[in-house]
Amino acid sequence: MTTKVLLKFTAIAIAILLAPPILSQNINNWCSTPDDDTPDPAGVFSYSEDMATAQNFEPIVLNVYYWQVNGYHFENEDPLTLQKVLASVAQLNIIFNEYNIFFKYRGYDEIDSPNGLQQVIYDGGCEFQTDENGNEILDPDGYGALNRCQIGQFFNFASNNGFEKEDAINIYVPYATESFAGAARSIGTNMIVMPTVNIEGSILHHEMGHALGLRHTHSSYTSTFCEHVTRNPGDVNYNADVRGDRVTDTAAVPDFTNEYCYFNDPDASCSFGSEFNKYYVNQEDCTYTGQNVDCEGTSYQIPPEDVRNYMSYSYRSCVTTFSPGQAIRMQEKIVSDNDLIPAQTTIASLYEPYRGEYYDVGPSGNLLEIPFLQPGFDYAFHPCSGPYNQPSDYEDTAFDYIPLANTISKYTTDYFSIIHQNHTSIAILHPAIDSQPRRCYSNTNRTPVGGRVVRFEDGVINYNVTVTPQDSIGINQENLINTLNPGLYKIEKDFDNGDVEQTVIQKSND
Ligand SMILES: [Zn+2]
């Protein structure tokens with residue numbers, strides 16, 4: 001008599017945690033990343049604008065770590081949740097994976113503000129507040145509601161007090177910000193800050209663009225040393241590689257948000273949110289409608305993709321893209337920047353759970369949590385087998401697997417469904433990463449608490465079945481299969497954590 005295992009897989013029941021609704025917050029002010037007019041160092045940037053070059057870049061993985069920033073003593077009006085942080089990680093990967101830049105989620109923590117911060121109001125300049133006797137007025141929110149004028153001191157505070165992971169990009173998240181929507185510490189940095197409401201969406205991508213070395217596409221547009229309109233390298237006026245954002249495939253553009261005031265009436269009350277905000281951008285189709293000129297008087301030539309660029313000051317509903325030149329500049333910055341080099345990790349790390357643990361031996365009730373993988377990738381989990389009580393090494397691909405994958409999309413928002421289940425391996429589906437199944441986890445040590453034997457009466461898998469329930473003794477008896485008559489069966493084993501392991505066998509007489 002022979003018994004053939006046809007298929008073995010595990011189904012896990014798990015509670016789905018629902019996200020609370022995102023708070024809405026109207027932020028008309030924009031980015032507060034400092035300008036940087038330092039010339040590019042020699043030999044670092046290629047100024048290439050070839051998409052094939054961007055997509056041939058050796059994939060690189062950056063650790064990312066989040067910090068919830070509270071008031072003085074845990075107060076927080078919009079705290080981080082795992083759901084929010086994972087949504088942010090997923091978005092970073094979906095946007096930046098196109099350029100072979102990956103993010104490995106490393107967790108989140110929280111920071112209380114230091115005592116005694118002075119209240120400050122931003123009104124075009126920074127006005128630190130004192131009472132009539134000249135005594136400092138205490139900032140009631142601390143860094144929890146971070147003012148534009150506090151950004152620099154906040155970064156110094158975080159860096160000097162153990163709240164900066166040197167081996168990660170640090171994303172600081174106060175519950176609110178005053179007079180700005182996000183900031184990077186510099187162009188090329190491992191520290192960025194934005195309020196909770198912005199850790200998903202275009203401001204996240206914009207600030208990460210700064211962190212990875214990008215300037216605003218309108219950089220220095222008001223200067224006499226502005227980026228010129230011409231894109232022809234043979235033109236004597238060509239300076240796209242040394243002025244503005246120094247990216248040659250983004251057009252010379254003005255700051256769309258403040259352009260009207262600059263060109264028409266710089267002394268008028270052209271404040272953010274006024275009727276002149278983004279005056280020359282059509283919000284419906286994201287086209288540029290202005291007739292303005294660069295610092296030499298040449299009319300701007302601005303195609304829609306520059307109105308849609310993440311590093312412009314366009315409508316958030318318009319921005320959806322980086323240019324190939326920007327992608328290549330980020331890649332070249334990551335591998336040359338002293339803050340970003342230590343933040344890199346391995347491709348193998350993407351196959352490791354961000355929380356939970358693998359069962360090994362003994363009572364399975366000791367397990368704190370099953371292993372969860374981060375969202376933002378297209379996964380394929382193939383059934384696999386081998387002597388792996390713990391997942392096989394990333395490099396060890398000698399195991400057998402069945403090419404019948406359970407796939408999970410990078411767009412799923414059911415983050416707690418992304419589990420490395422027993423008897424499966426992991427493949428991440430991306431053109432820059434081989435789709436080889438890795439990390440086969442095939443643990444047979446756990447003892448089921450009960451189950452059932454399902455006999456398919458017609459010899460094929462259909463609904464004509466006879467089900468025989470088994471208690472813990474019955475399901476664990478060594479000769480369970482020997483007691484069965486020839487035929488097609490499914491044996492289901494129930495485990496105390498809710499797992500159900502199913503094995504389909506064909507038993508024959510030969
Ligand atoms: Zn910016």
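**From a glycine after helix 3 to the whole chain**

Just after helix 3, G162 takes a positive phi of about 80°. That glycine is a handy place to enter this model, which is predicted. Start with the helix that comes before G162.

Helix 3 covers residues 151-160. Which of its residues are buried? They include I151, F154, F155 and A158. These residues span an arc of only 100° around the axis, so they sit on the same side of helix 3. The general rule helps here. An α-helix has 3.6 residues a turn, so residues three or four places apart point the same way. The face turned away from the buried side of helix 3 carries N156 and N160, which are exposed.

What do the buried residues of helix 3 pack against? Their partners are strands. Strand 3 (101-111) and strand 6 (145-147) are among them. So are strand 7 (169-174), strand 9 (183-184) and strand 10 (191-193).

Now turn to the nonpolar cores. The largest one has 87 residues. Within this core, V64, V173 and I192 have the most contacts. Its largest share comes from helix 2 (residues 82-96), which gives eight residues. Where does this core lie relative to domain 1 and domain 2? Both domains give residues to the core, so it lies between them.

V173 shows what such a position looks like up close. Leaving out residues up to four places away in sequence, V173 touches Y66, W67, Q68 and V69, among others. Its contacts also include L80, M194, P195, T196 and I199. There is a second, separate core of five residues. Among its members are C384, Y401, C440 and Y441.

Next, the domains. The protein chain is divided into domain 1 (58-214 + 324-345), domain 2 (217-321) and domain 3 (446-508). Domain 1 is thus written as two segments, 58-214 and 324-345. The C-alpha centres of domain 1 and domain 2 lie 26 Å apart. Their contact takes 10 residues from domain 1 and nine residues from domain 2. Which helices supply the side of domain 1 that touches domain 2? Helix 4 (202-211) and helix 7 (324-334) each supply at least two residues. By class, this side of domain 1 has two nonpolar, seven polar and one charged residues.

Two residues farther along the chain are worth a stop. G474 sits in helix 8 (residues 472-476). Is G474 buried or partly exposed? It is partly exposed, because 15 other C-beta atoms lie within 10 Å. G474 and R452 are 22 residues apart in sequence. In space, their C-alpha atoms are 8.9 Å apart.

T503 lies in strand 22 (residues 500-508). T503 is also partly exposed, with 18 other C-beta atoms within 10 Å. Y66, already met as a contact of V173, is 437 residues away from T503 in sequence. The C-alpha distance between T503 and Y66 is 42 Å.

Finally, step back to the whole chain. The protein chain has eight helices and 22 strands. Its C-alpha trace spans about 95 × 65 × 40 Å along the principal axes. Buried residues make up 39% of the 510 residues. How many of the contacts between residues at least 6 apart in sequence join residues at least 24 apart? The share in the protein chain is 68%.

Notes:
Residues numbered from 1 in each chain as written. Predicted model: local features only at pLDDT ≥ 70, side-chain atom pairs only at ≥ 80, totals over all residues. Core = buried A, V, L, I, M, F, W, Y, C linked by C-beta atoms within 7 Å. Buried ≥ 20, exposed ≤ 12 C-beta atoms within 10 Å, placed from the backbone. Helix = DSSP H or I, 4+ residues; strand = E, 2+ residues; numbered from the N terminus. Domains from an automatic or database assignment. Contact = placed C-beta atoms within 7 Å. Nonpolar A, V, L, I, M, F, W, Y, C, P; charged D, E, K, R; others polar. Arc of directions from axis to C-beta.
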